[in-house]
Amino acid sequence: MVGAAGGGLGVQLPIETHNGGTALFQRPEAIPVGSPIFSDGVNQVYFREVGDHILRAAHFGWTNHPVDPDECDETITAAKLQTLREDLKKRFRSMRRGVYAGGFAAIYDMTPDAHPIIGNIGGVAGFWCNCGWSGNGFASAAAVGGHLAARMAGRSSAVDLGMFGWPRPPETKTRPDGNWIRR
Ligand SMILES: Cc1cc2nc3c(=O)[nH]c(=O)nc-3n(C[C@H](O)[C@H](O)[C@H](O)COP(=O)(O)OP(=O)(O)OC[C@H]3O[C@@H](n4cnc5c(N)ncnc54)[C@H](O)[C@@H]3O)c2cc1C
């Protein structure tokens, strides 16, 4: 478990930092321009296009090796690239012809169940969290931020974010299999 900003307040958040590798590939002819984002939960990979010529691909968030975010390698290693290529090819055989065009690595902030931690946490007045998004926090940021801001201002909000507290309230459902995105 990696300590987080709450440590200074005596609140320990269960967030691990994992290093995910993203690779760019030249688009194989079999994957046409305008294709949707492909997300393959079985093989734990996704890819999407970046312009007309490049596909960007990565594994989902969990690894078996949390890293120190201040010391982590920001490149994609040959070993990671190989694993990513193998997992992409299982579903998309045309990715055999995707020529590698560079890559990078970045941090995922993973919680034990890959759900975020949102709300006033630890019973500390004024300590509001919106973190641990586990690789999924960008798309919903505006909506969640709006609802959380309403709560912080003492107003009600149309969406109940209570299920994202920590410790989790019992009604929060877990993912079907905690290991589904671990490799
Ligand atoms: C490779 C990759 C692909 C992703 N793809 C998607 C996707 O397709 N869809 C999606 O929804 N989400 C995606 N995400 C996840 C999404 O990017 C994150 O969930 C989201 O950015 C988290 O937002 P945040 O505000 O919690 O943290 P961040 O965006 O990390 O913002 C935290 C900020 O705090 C600053 N900071 C840190 N320490 C300090 C300090 N001590 N003092 C002051 N400032 C500090 C940092 O510099 C940073 O600007 C992806 C993440 C990665 C790594």
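The following exchange introduces a predicted model through questions and answers.

Trainee: How many helices and strands are there in the chain, and what pattern do they follow along the sequence?

Mentor: The model contains two helices and seven strands. Taken in sequence order, these elements give the pattern β-β-β-β-α-β-β-β-α.

Trainee: Into which domains is the chain divided, and what distance separates their centres?

Mentor: Domain 1 covers residues 14-110, and domain 2 covers residues 117-164. Taken over C-alpha atoms, the centres of domain 1 and domain 2 are separated by 29 Å.

Trainee: How many residues of each domain are in contact with the other, and which classes make up the side of domain 1 that touches domain 2?

Mentor: A contact here requires C-beta atoms within 7 Å. Six residues of domain 1 and five residues of domain 2 meet in this way. On the side of domain 1 that touches domain 2, the residues divide into four nonpolar, one polar and one charged.

Trainee: Which residues come nearest to the ligand?

Mentor: The ligand has 13 residues around it. Those that come nearest are A106, W133, G137, F138 and A139.

Trainee: Which element gives the most residues to the shell around the ligand?

Mentor: Two elements give two or more residues to this shell, namely β1 (16-26) and β5 (100-110). The greatest contribution, three residues, is that of β5.

Trainee: Why does the ligand lie between the two domains?

Mentor: The shell around the ligand receives residues from domain 1 (14-110) and also from domain 2 (117-164). The ligand therefore lies between domain 1 and domain 2.

Trainee: How many residues of each class does the shell around the ligand have?

Mentor: The shell includes no charged residues. Its members are divided by class into five polar and eight nonpolar.

Trainee: What span should helix α2 have, and how far apart are its end C-alpha atoms?

Mentor: Helix α2 has twelve residues, 141-152. The expected span is 1.5 Å times one less than the number of residues, so α2 should span 16 Å. The distance between its end C-alpha atoms agrees, at 16 Å.

Trainee: Which residue with a positive phi follows α2?

Mentor: The phi of this residue is near 85°. The residue is G154.

Trainee: What percentage of the chain is buried, and what percentage of contacts join residues at least 24 apart?

Mentor: Of the 183 residues in the chain, 23% are buried. Contacts between residues at least 6 apart in sequence form the basis of the second value. Among these contacts, the portion joining residues at least 24 apart is 69%.

Key
Residues numbered from 1 in each chain as written. Predicted model: local features only at pLDDT ≥ 70, side-chain atom pairs only at ≥ 80, totals over all residues. Domains from an automatic or database assignment. Contact = placed C-beta atoms within 7 Å. Nonpolar A, V, L, I, M, F, W, Y, C, P; charged D, E, K, R; others polar. Near = placed C-beta within 6 Å. Helix = DSSP H or I, 4+ residues; strand = E, 2+ residues; numbered from the N terminus. Buried ≥ 20, exposed ≤ 12 C-beta atoms within 10 Å, placed from the backbone.
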